[in-house]
Each structure stands twice: as structure tokens, then as C-alpha cells.
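Hi,

Here is the structure I promised to pass on. Have a look, and my notes follow below.

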Amino acid sequence: MSESNRKVDSRTVGDIRVTALDAGRFSLDGGTMFGVVPRSIWEKKIPPDERNRIQLGLNCLLVETPAETVLVETGVGAEKLSGKHRDIYGVDPSRGVVDALADAGVAPEAVDRVVLTHLHMDHAGGTTVQTDEGYVPAFPNARYIVQRQEWEDAVGADRQTVHGYNAESDLLPMERAGVMELVYGDVEVCYGVRVFLTPGHTKAHQSVLVQSGDEAVCFIGDLVPTRHHMHPVYIMAFDLYPRKTFKVRQQVLKQAADDGWLVAWPHDPDQVWAYITIDDRGDYTPVEEL
């Protein structure tokens with residue numbers, strides 16, 4: 001069963017407040033998470049359980065600008081999953097993104113925008129809740145923002161990709177409610193928040209940059225799912241375009257290091273964010289402060 005005891009961690013980015021939200025834990029096969037990297041190497045970083053699964057975080061960001069409240073990612077929506085899938089993914093239905101928001105003192109109705117890096121179930125599962133009338137948006141006053149290409153690929157998924165999405169419960173209810181805002185490429189979402197394409201995991205995966213003044217937080221999404229995935233070749237078997245991941249990851253991490261971004265990972269179970277440094281060998285290392 002997943003556990004959540006991480007303290008609420010907030011940072012001030014210029015005149016924007018950014019809070020790391022802990023929307024629970026889930027588990028995935030460790031070999032799949034590290035791709036071609038042998039177990040003898042990756043198990044030293046995140047030890048697997050008896051089913052070869054590693055525990056991962058479901059990290060989201062709350063971004064409070066002077067004018068708007070923005071939620072980045074929504075977790076897996078464990079309460080909507082069947083008992084079978086709760087067991088497969090090791091999730092606890094008693095913990096989700098709404099609970100994490102409550103820890104930060106924010107009600108679902110207060111969220112103005114929800115930004116999704118992509119639409120896989122572990123990122124978009126908390127977009128909706130189940131009611132007697134069916135599935136409805138969990139954040140009733142929000143616009144939900146995702147790349148148009150990502151939307152088209154998700155709702156038109158084929159036999160190779162369809163199991164990554166829960167379209168009937170997570171995606172199509174938002175379309176019926178008229179709350180989707182589909183964007184093209186790099187876009188300023190609102191003051192201080194912009195999205196930029198970081199393809200590889202999916203064709204139109206996007207990362208989120210929160211910036212005010214000289215400070216910035218980058219929610220990097222599944223381009224780098226945990227701090228243990230900063231090595232260029234530690235690429236998930238889930239990635240549809242691994243060569244693109246290999247190239248784009250290095251570009252973004254270099255920019256993060258050069259520009260002093262605080263980088264937030266979606267699935268690290270222990271550390272939500274860190275600054276990035278590059279050593280003499282070109283390896284990336286997370287540090288608490290620059």
C-alpha cells in the first residue's frame with residue numbers, strides 16, 4: 001500500500017508561490033522504468049519489491065500567481081481504478097490530488113487552470129471524479145490545458161498505446177464538459193506559466209516552466225521521471241520515441257543547469273525538486289542549492 005507522509009514544500013518564485021503536492025504513490029515494473037539498463041544497476045537506486053516493482057511518487061505542482069491558481073498534473077485517480085488495477089499499480093485510493101490540495105489549503109473550485117504534461121493515466125487520472133451522474137471534471141471552474149497532438153494521439157490510441165490512457169473515465173468527460181483547451185507548441189498559459197514541447201515519452205509531451213524575475217521552476221514531466229533518470233541512457237521502455245528522449249533530455253537539463261532552474265520530477269518518491277549541476281564528465285547531479 002502506498003504511503004504519503006511528505007511535508008508540504010513551497011518555494012517563492014518572484015511574485016509566484018509554487019507548492020509541491022504529494023498525490024500519493026504507485027508502483028511500476030523497475031525494468032520497464034529503466035529500459036535497457038540492467039537490474040544490477042538500477043536496483044541500487046530504487047530497490048524493487050518481490051514483484052519487481054519500484055515505488056514511485058505522484059508529484060504535482062500548485063502554482064499561485066497574483067491572478068490565477070494553476071495545478072500542474074493530477075495524479076492517477078486511484079479511487080476510480082478497479083481493485084485489480086489498484087493491486088497491479090500498488091495505489092491507495094484514500095490519497096489523491098484533491099487531498100494534496102487540501103493539505104495546501106486549496107479547494108478544487110479555486111483552481112483556474114489544470115496543465116497536463118501528457119495524458120497517460122498516472123498524470124491525467126485525477127482530472128475527473130465519479131458521481132451518480134457519471135464522470136465529471138474534478139476542478140469545475142478550471143480550463144484543462146494539453147497539446148492538441150497529445151489529445152489526438154490519446155483519444156485515437158491504437159493497440160500499442162491504448163493501455164496508457166483511460167479515455168472513457170479521464171479524457172472524454174472533459175471534452176463533453178467543454179473544459180479542454182488544446183494548444184500548439186510552446187505557449188504562455190498565463191502570467192508566469194508557459195509550456196514547451198519536450199517530445200520523446202510521447203510525440204507531444206510538454207514540460208511546464210514557472211518563471212518570475214530571475215527565478216524559475218521547471219516541471220519536467222516524464223522527460224525525466226525521477227532524479228535517477230538524468231543519465232542520458234536511463235530511458236523508460238514506455239517512451240515511444242527513445243532517441244528523441246535521449247536528445248531532448250540533454251538539451252533541457254543543460255538549459256536548466258545554465259539558467260539555474262529548479263527542476264521538479266513527477267515520479268521521484270523521495271525528492272520532488274532540485275537544482276542541476278554538470279560535472280567535468282558531463283554528468284548531471286541534483287543539488288539543494290546553487
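I'll start with helix α7 (residues 167–177): its buried residues pack against α5, β6 (128–131), β7 (134–137), β8 (143–147), α6 (148–155) and β9 (180–183). Those buried residues are S169, D170, L171, L172, P173 and M174; buried means under 20% relative accessible area, exposed over 50%, and partly exposed in between, with a 1.4 Å probe and protein chains only. After α7 comes G178, with a positive phi near 70 degrees. Helices (H or I, at least four residues) and strands (E, at least two) are DSSP runs, numbered from the N terminus.

Before going on, the small print: this is a predicted model, where local features need pLDDT of at least 70 and side-chain atom pairs count only at pLDDT 80 or more, while totals for chains, interfaces and linings use all residues. Residues are numbered from 1 along each chain as its sequence is written, and side-chain values use heavy atoms, with hydrogens and water left out.

Now the cores. The largest nonpolar core (buried Ala, Val, Leu, Ile, Met, Phe, Trp, Tyr and Cys residues joined through side-chain atoms within 4.5 Å) has 44 residues, and F34, L71, L101, V114, L119, F139 and Y144 have the most contacts inside it. Strand β3 gives the largest share, five residues. Y144 is in contact (heavy atoms within 4.5 Å) with V114, T127, P137, A138, F139, M174, V179, M180 and E181, leaving aside neighbours within four places in sequence. There is also a second, separate core of 24 residues, which includes A20, V195, V210 and V272.

Two single residues caught my eye. T69 sits in strand β4 (residues 69–72) and counts as buried because its relative accessibility is 15%. R95, in the loop between α3 (83–89) and α4, is buried too, at 19% relative accessible area. The R95 side chain reaches the backbone oxygen of D22 at 2.7 Å.

Last, the largest pocket. A pocket is an open set of points on a 1 Å grid over the protein atoms alone, where a 1.4 Å probe fits, with protein on both sides within 12 Å along at least five of seven lines; lining residues have an atom within 4 Å of a point. Its lining has 19 residues, with H120, D122, H163, G164 and F238 nearest the centre. By type, the lining divides into ten nonpolar, seven polar and two charged residues. Both β2 (16–29) and α5 (121–124) supply at least two of them.

Cheers

How values were computed. Ala, Val, Leu, Ile, Met, Phe, Trp, Tyr, Cys and Pro count as nonpolar, Asp, Glu, Lys and Arg as charged, and the others, Gly among them, as polar. A polar contact is a pair of N or O atoms within 3.5 Å; within protein, one must be able to donate a hydrogen and the other to accept it, and residues adjacent in sequence count only if both atoms are side-chain atoms.
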